[in-house]
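I opened this model to look up a few local features. My notes follow in the order I made them.

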Amino acid sequence: MTASGLPVLREGLRRLASSAISLIYPPTCVACGAATGQPHALCAACWSGLRLIERPYCERLGTPFALDLGIGSLISPGAISEPPVFGRARAVAIYDGTARDLVHRLKYGDRLDLARAMARMMAAAGSELLEEADLIVPVPLHGLRLWRRRFNQSALLAREIGRRSGKRCDLRALARVKATRPQVGLTRHQRADNLQGAFRVTDTGRIRVAGRRLLLIDDVTTTGATGNAAARVLLRAGAASVDLLTFATVTRDGL
Ligand SMILES: [Zn+2]
């Protein structure tokens, strides 16, 4: 064989190896496990089950408007009557169908490939917030729950978003100091009460968040009570601003 034939052979071997890998491990949908064309992606059926949030949406809460209220209506009635503590919230999708499946799979499945796919979508949906942020902070779990579940899904997402964007991510700035009962089934006001005193900014966190624009990361937001409680302590600790980026949101406005 001539020397010029070597690169061709090498390329041929590389292709053979990569097709052998995809024969053994064909790329599958991160939500349902069906075969897909691309790794770390969703199949067509799961894509169609995802209700992506696109403008026009409330510029504060990031929730879509049921009706087009016309130019100038950029803030939803809910954000005006009860302004959130955080600055702006954004989410990839409405919390139902595929989005709910993905959130559940991540929470109970410890799946890094899933965190990557979800973080990629979150970085796109929250690109404006991400660009302006100095520091990414995940919503923490209480120690007991973390110990039971072994990992914090919000920290997984935050770390992946940090890796993709090159922004710093601080997993220890914020601590959950109260084991709150599950928020499911609680009213809006009960949720806020339940979270009283739930978060604390750590001593090292105080130094890191002071004067910084923060981007809080969580998997799903329901009433915004968790985001508000976390934002309140971060702002009290001197953060310049706090925005919230989640994978999914349970909409209130306009439904
Ligand atoms: Zn699928």
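**Helix packing**

I started with helix α4 (residues 97–109) and helix α5 (residues 112–125), which pack at an angle of about 135° with their axes 9 Å apart. I kept in mind that this is a predicted model. An angle of about 135° is not over 145, the cut-off for roughly antiparallel, so I noted α4 and α5 as oblique to each other. Their crossing is left-handed.

Which residues meet between α4 and α5? From α4 I listed Leu-102, Val-103, Arg-105 and Leu-106. From α5 I listed Leu-114, Ala-115 and Met-118.

Next I followed α5 to helix α8 (residues 153–165). The axes of α5 and α8 come within 8 Å and cross at roughly 60°. The contact uses Leu-112, Ala-115, Arg-116, Met-118, Ala-119, Arg-120 and Met-122 on the α5 side. On the α8 side I found Leu-156, Leu-157, Glu-160, Ile-161, Arg-163 and Arg-164. α5 and α8 are also oblique to each other. I recorded a right-handed crossing for α5 and α8. Ala-115 and Met-118 of α5 appear in the contact with α4 and in the contact with α8.

**Zinc site**

I then turned to the metal. Which residues coordinate the zinc ion? I found Cys-29, Cys-32, Cys-43 and Cys-46, each through SG, at 2.3 Å. The spacing of these donor residues in sequence is C-x2-C-x10-C-x2-C.

Why did I write down "tetrahedral" for the zinc ion? The four donor atoms subtend angles of 107 to 114°, and four donors count as tetrahedral if all angles lie between 85 and 135 degrees. For reference, the ideal angle for four tetrahedral donors is 109.5 degrees.

I checked accessibility for two of the donor residues. Cys-29 is buried, because its relative accessibility is 2% and the cut-off for buried is under 20%. Cys-32 is partly exposed, with a relative accessible area of 41%.

**Loop between α2 and α3**

I looked up two residues here. Pro-56 lies in the loop between α2 (44–48) and α3 (77–81). The peptide bond from Arg-55 to Pro-56 is cis, with omega near 10°. I noted this bond since most peptide bonds are trans.

Gly-49 is in the loop between α2 and α3 too. Is Gly-49 buried, exposed or partly exposed? I read a relative accessible area of 27%, so Gly-49 is partly exposed. Setting aside neighbours within four places in sequence, Gly-49 contacts Asp-96, Gly-97 and Thr-98. I also checked Gly-49 against Arg-100, 51 residues apart along the chain. Their C-alpha atoms are separated by 10.0 Å.

**Leu-244**

My last residue was Leu-244, in strand β7 (residues 241–249). Leu-244 has a relative accessible area of 2% and is therefore buried. What does Leu-244 touch, not counting residues up to four places away in sequence? I listed Phe-86, Arg-88, Ala-89, Arg-90, Leu-129, Leu-215, Leu-216, Thr-221 and Gly-227. The C-alpha atoms of Leu-244 and Gly-227 are separated by 6.7 Å, and the two residues are 17 apart along the chain.

**Whole chain**

I closed with the totals. The protein chain has eleven helices and seven strands. Of its 255 residues, 44% are buried. I also looked at contacts between residues at least 6 apart in sequence: 72% of these join residues at least 24 apart.

Notes. Residues numbered from 1 in each chain as written. Predicted model: local features only at pLDDT ≥ 70, side-chain atom pairs only at ≥ 80, totals over all residues. Heavy atoms only, no water. Donors = N, O, S within 2.8 Å, 3.2 Å for Na, K, Ca; no water. Tetrahedral: all angles 85-135°; square planar, octahedral: opposite > 155°, others 65-115°. Buried < 20%, exposed > 50% of the residue type's maximum accessible area, 1.4 Å probe, protein only. Axes fitted to C-alpha atoms, helices over the stretch in contact; angles between N-to-C directions. Helix = DSSP H or I, 4+ residues; strand = E, 2+ residues; numbered from the N terminus. Parallel < 35°, antiparallel > 145°, perpendicular 65-115°, else oblique. Left-handed = near helix turned anticlockwise from the far one by under 90°. Contact = heavy atoms within 4.5 Å.
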